[in-house]
Amino acid sequence: MEWLHRYGYPALALIVLLEGVGVPTPAVTAIVVAAGLAAHGSLSLPVVAVVTFLAAVAGDNLGYLVGRRAGRPAVLRWGRRIGLTESRFARAEELITRRGRNVVVIARFIDGLRQTNGIIAGTVAMSWPQYAVRDAAGGVVWTAVWVTVGAEVGGNIERVHAVVGRYRVAAIVVAAVLVLVLLLWYLLRRRARRR
């Protein structure tokens with residue numbers, strides 16, 4: 001992520017903010033890399049944390065505004081371009097409606113919901129104060145987790161590299177076996193449905 005070296009905090013803010021509006025960006029990767037750079041003194045860790053939190057909350061609230069103003073038909077019309085199909089949107093709406101507003105807090109940790117929770121909350125007409133408080137709470141935890149991961153990995157990069165190098169072959173074998181097991185499970189399940 002050369003652009004983080006070159007543009008620093010503004011690049012981090014833009015990537016995280018755009019994700020909150022529904023644009024698929026590598027926000028988590030950017031946070032981890034920025035925190036890793038901070039662990040080596042290229043950036044400031046407290047500033048990385050503040051920028052991440054503010055950009056995440058601002059992006060989600062912009063997404064909320066888009067959902068609230070544009071409404072369901074517009075979101076469905078344009079959402080397909082970013083993978084927000086009608087069936088995915090309906091499942092997410094049902095989840096927020098059925099499970100309550102507290103889903104917003106954990107949505108940050110669920111890929112897909114992280115990018116669209118603001119838009120969906122706006123379209124289902126969740127009140128903005130209720131949304132904003134829960135979104136900020138989730139944002140604090142999410143920021144803390146990924147900034148900490150980035151700082152720890154960045155501060156111990158030599159040890160991480162040594163461990164990865166030592167267990168690389170074993171990790172590849174385990175990943176290959178896992179992929180094969182999942183593929184087999186999927187094929188068996190598909191065959192059972194056809195019967």
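User: What is the volume of the largest cavity?

Analyst: About 30 Å³, counted as the space filled by the probe spheres. This is a predicted model, where local features need pLDDT of at least 70 and side-chain atom pairs count only at pLDDT 80 or more, while totals for chains, interfaces and linings use all residues. Residues are numbered from 1 along each chain as its sequence is written, and side-chain values use heavy atoms, with hydrogens and water left out.

User: What makes it a cavity?

Analyst: On a 1 Å grid, a 1.4 Å probe fits there but cannot get out. Searching the whole structure turns up 1 cavity of 30 Å³ or more.

User: Which residues line the largest cavity?

Analyst: Val16, Glu19, Gly20, Ala56, Asp60, Arg108, Arg114 and Trp142 (each with an atom within 4 Å of a grid point). By class, the lining of the largest cavity has 3 nonpolar, 1 polar and 4 charged residues (Gly counts as polar, Trp as nonpolar).

User: Which helices each supply at least two residues of that lining?

Analyst: H2 (9-20) and H4 (45-79). H2 gives the most to the lining of the largest cavity, with 3 residues.

User: Why are H2 and H4 called roughly parallel?

Analyst: Their axes, fitted to C-alpha atoms, make an angle of about 30° and lie 7 Å apart. Angles under 35 degrees count as roughly parallel, so H2 and H4 get that label. The crossing of H2 and H4 is right-handed (near helix turned clockwise from the far one by less than a right angle).

User: Which residues of H2 and H4 meet?

Analyst: On the H2 side, Tyr9, Leu12, Ala13, Val16, Leu17 and Gly20 have heavy atoms within 4.5 Å of H4. On the H4 side, the residues include Val47, Val48, Val51, Ala55, Ala56, Gly59, Asp60 and Leu62. The contact of H2 with H4 divides into 12 nonpolar, 4 polar and 1 charged.

User: How does H4 pack against H8 (128-155)?

Analyst: H4 and H8 pack at an angle of about 145°, with axes 9 Å apart, and the crossing of H4 and H8 is also right-handed. Among the H4 residues in the contact are Ala56 and Asp60, which also line the largest cavity. H8 brings residues including Trp128, Tyr131, Asp135, Gly139 and Trp142. The H4 and H8 contact has 15 nonpolar, 4 polar and 2 charged residues.

User: How many helices and strands does the protein have?

Analyst: There are 9 helices and 0 strands (DSSP runs of at least four residues for helices, at least two for strands). The C-alpha trace spans about 50 × 50 × 25 Å along its principal axes.

How values were computed
On a 1 Å grid over the protein atoms alone, a cavity is a set of points where a 1.4 Å probe fits but cannot get out, and a pocket is an open set with protein on both sides within 12 Å along at least five of seven lines; lining residues have an atom within 4 Å of a point. Axes are lines fitted to C-alpha atoms, for helices over the stretch in contact, and angles run from 0 to 180 degrees between N-to-C directions. Angles under 35 degrees count as roughly parallel, over 145 as roughly antiparallel, 65 to 115 as roughly perpendicular and the rest as oblique.
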